[in-house]
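Hi,

Here is the structure I promised to pass on. Have a look at it first, and then read on for what turned up.

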Amino acid sequence: MNNDIGEITRQVNGLNALVDQLYARVTKLERPEFIDVVTLSTAQPWLTGKYRAAAEHIVVTLDATLGAFTVTLPSARDSKNIILIFKECKGLTAAVTLQAKPGEYIDNANTKVLTTAYGTLNLVSDRAGVWLIAG
């Protein structure tokens, strides 16, 4: 299991450099089929139903210019081969909270609060109820 986590972590680290490039490509509608990009904001903070089931890498751009909001993550137990890449793209004027499903965790906590302007957070499911912070 640790080897799998190490390999996933290496893959996610390689994706960090691509996040900004992917965002630029998406604005031109040039994205590979295994990547989806979702924009969440104070007015529309839900992630459910906003990405294709076949997507393996989901880039989630965050816009908190109108105020703080909470994003409920999909089930880590049910998320196979998914890497969630959260990218704050508007200068973070308010906090964005990531909330795990009941009984699941983000590393060792039920929530993770994003407070870094233009920051990136990568999450990988361990398929046992925990979203691991990678990268």
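Strands here are DSSP runs of E with at least two residues, numbered from the N terminus. With that in hand, A94 can be placed in the loop between strand 4 and strand 5. Before going further, please keep in mind that this is a predicted model.

Let me stay with A94 for a moment. Is A94 buried or exposed? Buried counts as under 20% relative accessible area, and A94 has 17%, so A94 is buried. Leaving out neighbours within four places in sequence, A94 is in contact with A64, G67 and A68. T65 belongs in this picture too: its C-alpha atom is 6.7 Å from that of A94, although the two residues are 29 apart along the chain. T65 also has a side-chain partner, D63, with a polar contact of 2.7 Å between them. D63 itself lies in strand 2, and its relative accessibility is 16%, so D63 counts as buried as well.

Now for the nonpolar interior. The largest nonpolar core has 22 residues, and those with the most contacts inside it are L62, L84, F86, V96, L98 and L123. Which strands supply at least two residues each to this core? They are strand 2 (57-63), strand 3 (69-72), strand 4 (83-88), strand 5 (96-99) and strand 8 (120-125). Strand 2 gives the most, with 3 residues.

F86 is a good residue to click on if you want to see this core. Not counting residues up to four places away in sequence, F86 touches V60, L62, V71, L73, L98, L114, G119, T120, L121 and L123. There is also a second, separate core of 6 residues, with V37, I83, I85 and V124 among them.

Next, the sheet. Strands 3, 5 and 7 form an open sheet of 3 strands in the order 3-5-7, with mixed pairing. Strand 3 and strand 7 (111-114) are the edge strands, each pairing on one side only. From one strand to the next, the twist averages 20°.

The mixed pairing is easy to follow strand by strand:

- Strand 3 and strand 5 run parallel and are joined by 4 bridges. F69 has V96 in strand 5 as its bridge partner.
- Strand 5 and strand 7 run antiparallel, and 4 bridges join them. T97 stands opposite V113 in strand 7.

Strand 3 also has two distinct faces: F69 and V71 are on the covered one, while T70 and T72 are on the uncovered one.

Last, the charged residues. Side chains of opposite charge can pair when their charged atoms come close. How many salt bridges does the model have? The count comes to 1. The salt bridge is between the side chains of E104 and R77, at 3.1 Å from N to O. E104 sits in the loop between strand 5 and strand 6 (105-106), and R77 in the loop between strand 3 and strand 4, so the pair ties together parts that are 27 residues apart in sequence. The partners are not alike in burial: E104 has 2% relative accessibility and so counts as buried, whereas R77, at 42%, counts as partly exposed.

Have fun with it, and shout if anything is unclear.

Cheers

How values were computed
Residues numbered from 1 in each chain as written. Predicted model: local features only at pLDDT ≥ 70, side-chain atom pairs only at ≥ 80, totals over all residues. Heavy atoms only, no water. Core = buried A, V, L, I, M, F, W, Y, C linked by side-chain atoms within 4.5 Å. Buried < 20%, exposed > 50% of the residue type's maximum accessible area, 1.4 Å probe, protein only. Contact = heavy atoms within 4.5 Å. Salt bridge = Lys/Arg side-chain N within 4 Å of Asp/Glu carboxyl O. Pairing = 2+ DSSP bridges. Axes fitted to C-alpha atoms, helices over the stretch in contact; angles between N-to-C directions. Polar contact = N/O pair within 3.5 Å; in protein donor to acceptor, adjacent residues only side chain to side chain.
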